[in-house]
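Work through the exercises below with the structure in view. Try each task before reading its solution.

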Amino acid sequence: MDKKQLSERDICSKYINPALQLSDWDLEKQVREEVTFTDGKILIQGKRISRVGKKRADYILYYKNNFPIAVIEAKDNNHSIWAGMQQALHYAKTLDIPFVYSSNGDWFLEHDRTLESWVIERELSLENFPSPQELYNRYLKSKNISEEQKEIIEEPYYLDVSGKEARYYQRVAINRTIEAIAKWQDRILLVMATGTGKTYTAFQIIYRLWKAKAKKRILFLADRNILVDQTMTNDFKPFGDVMTKIKNRQINKAYEVYLALYQAVTWNEEEKNIFKQFSPDFFDLIVIDECHRGSAKEESAWREILEYFSNATQIGLTATPKETKEASNIDYFWEPIYSYTLKEWIEDGFLAPYKVIRIGLDIDEWWRPTTTTLDKNGREIEDRIYNTKDFDRNIVIDDRTKVVAKKITQFLRESGDRFQKTIVFCMDIDHAERMRQALINENADLVQQNDKYIMRITWDNEEWKNELDNFIDPNEKYPSIVTTSKLLTTWVDAKTCKLIVLDQNINSMTEFKQIIGRGTRLKIDSGKYYFTIMDFRKATNNFADPDFDGEPVMIYEPKQNDPIIKDESDESGNTLITPHATDEEILVNPDIDIKDTWDRVRKIYVSWVKVEVAHERVQYLWADGKLITESLKDYSKKNILSEYKTLEDFILSWNKAEKKEIIIEELLEKWVILDELEREVWKDLDPFDLICHIAFDKPALTKKERVENVKKRNYFEKYSLEAREVIEALLEKYAESGIDTIEDIWVLNIWRFREFWSPLEIIKNRFWGKQNYLKVVKEIEERIYETV
């Protein structure tokens, strides 16, 4: 057998697998081959949606279930022994795996990431690959893990009957935390982006420690009642009868797992601190969800709970660790034991990426009252300059609200889906109510069908809990659009939310990330691959902040009469504002002193100012996340010319291509987004003409003009009348949808061709077989481009 002739898979089956078996690896239970552990980043290029960069390891070796200990990258025998090492090291770092191997079927190259010995890399014969026990013993030695600690880290995961398993990043977080606690670390911080499954991660940590009897009484703290309820009924359900929720300020010490709101166990007044009914040593593990909210502050009442139970191991969970002069998660919990960022999640393809539409209104930079100095209620308007920091906070421009509502509605109409779930973030409850009214007036037709099409969800509205459940339910149609202020910034798992509107000043990176997190869930079965952010307050300037870790795929700023879609076919009344804290914050956060934070002033209402959209600026982000600062046409021309130096080179490649779609896909990979370019030139052009026009400054023919040229020359008179009917329909379909449509034989399934016969009958009876049909399609293409 000539080993050089074998494929990579042959090398695996004939050499690597036998070597593993020889070293006592169980191929059924301990060895997984071709393991894909990310879904691949979603790329949005015009109307095209694709995935790139799936990560797949040739082998992952497990000492036990959910305890990966080695990764192997295989190559065929034409490669060197070390050819796969860099790739394997990258996977090992991502997966937190200590031992790394590369092989071409002759030898193994080992890289020891534990740094236990001075020999980091060494060559091993196929017969001397380490056994599972040998690798595990080396790992334990490198970590200085005792027999007692080993019992804890070997405690199995909870096995879900549904087959649900931890994703790789959850497993890394769980295993690192278990190991740290086994080694007596008592303050742990986990930083995981919104939506990555922090609660499921916490459950597996708690479950394993509880089953190992390392922790016997556990307290899980959250700051939203719905979070506690969802946790009990979903991820924590396996705890069953040993679990309880602390409510009505009642304490029962017979349980083992307790869930509570911060507010349920503490308050500003000393006598209401019911957590002190527990002894300081009652809990030996406390998990704090969203720990950036209150526990970061030293003077926080929430922090008081943690300090009272200071002997307990404490785990902080957050998507956005807070680091300011006044509050620090890291100061209390120490450096994160593991971080999984929004950017990483988007890169892995587990999160929906997003597009940004920025809309600037003409009054937003500055507005100053002129001759009319009274508002519509007869109150005097202070003579000064107002801008977005003031609008809807202490002065209301009625027409501004109407313009925002009009633009939201325009987007929904142009998208073709007016029922896509939409959250509109407003300044306060008064603003949310006025926005609801404005949106109702813009969408009167759908509101007449169902008055729950648009609703306000704020804490003062008694219906909000029921309607929130309906909003986040993928199977419920209503409400479709909700207006809010702060209530929906966290914990709302709206998987089908496709549009987030920002008409709120957001000065906190923490809050900005949380709001973005409302739309990041993927929902492929509902057609949600990405979501859109519509920004009226320059909140998306946070994308440029170094603290932000996930880039949008596109930024677009339309002008007054431009289409919105660029890349696809408090109590109501006028006396309350909350410049420092909103109603919802005061409701859920006992640390906020109402007297100190509420600034009660009268809002001014102006009805006589006309507002318009001011400007447009289009920006795109390339695949590497860097902003394209030049025009799309110039950027595309540069990329086309890097592939085809001359017009003749391009024409030659175009004519030689078996399918024109191949050329189009190659250009898409270089971020030549033809759909966007076609909109810029405002002509219905074939990709061929578009490329010639953009890159080589050639005059362009529309698709209809090309079809007319073909018809004038009577090229297809040689075919039967029945065949010419199909050819005529194919030309019409080309003029309508482009060359890639008629290259696909499935085009014969559409109704236009069904008028003739079934696809099989068309091919068999009108063209005498598939090969003849494909030859005719090729000839159609040649005639279409014959005028070149």
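**Exercise 1.** Find the partner of Arg-368 in a salt bridge, and place both residues.

*Solution.* Arg-368 pairs with Asp-383 in a salt bridge, with 2.8 Å between the closest N and O atoms. A salt bridge here is a side-chain nitrogen of Lys or Arg within 4 Å of a carboxyl oxygen of Asp or Glu. Both residues lie in the loop between strand S17 (360-361) and strand S18 (395-397), 15 residues apart. Arg-368 counts as partly exposed because its relative accessibility is 44%; buried means under 20% relative accessible area, exposed over 50%, partly exposed in between (1.4 Å probe, protein chains only).

This is a predicted model: local features need pLDDT of at least 70, side-chain atom pairs need pLDDT 80 or more, and totals for chains, interfaces and linings use all residues. Residues are numbered from 1 along each chain as its sequence is written, and side-chain values use heavy atoms, without hydrogens and water.

**Exercise 2.** Decide whether Asp-430 and Arg-434 are buried or exposed, and locate the pair.

*Solution.* Start with the location: both sit in helix H13 (residues 429-442), four residues apart, about one turn of the helix. Helices are DSSP runs (H or I, at least four residues) and strands likewise (E, at least two), numbered from the N terminus. Next, the contact: their salt bridge has its closest N and O atoms 3.4 Å apart. Last, the cover: Asp-430 is buried at 4% relative accessibility, and Arg-434 is buried at 13%.

**Exercise 3.** State which residues join Asp-430 and Arg-434 in a network of salt bridges.

*Solution.* The network also links Asp-364, Asp-392, Arg-400, Asp-428, Asp-503, Arg-537 and Lys-603. The whole structure holds 44 salt bridges.
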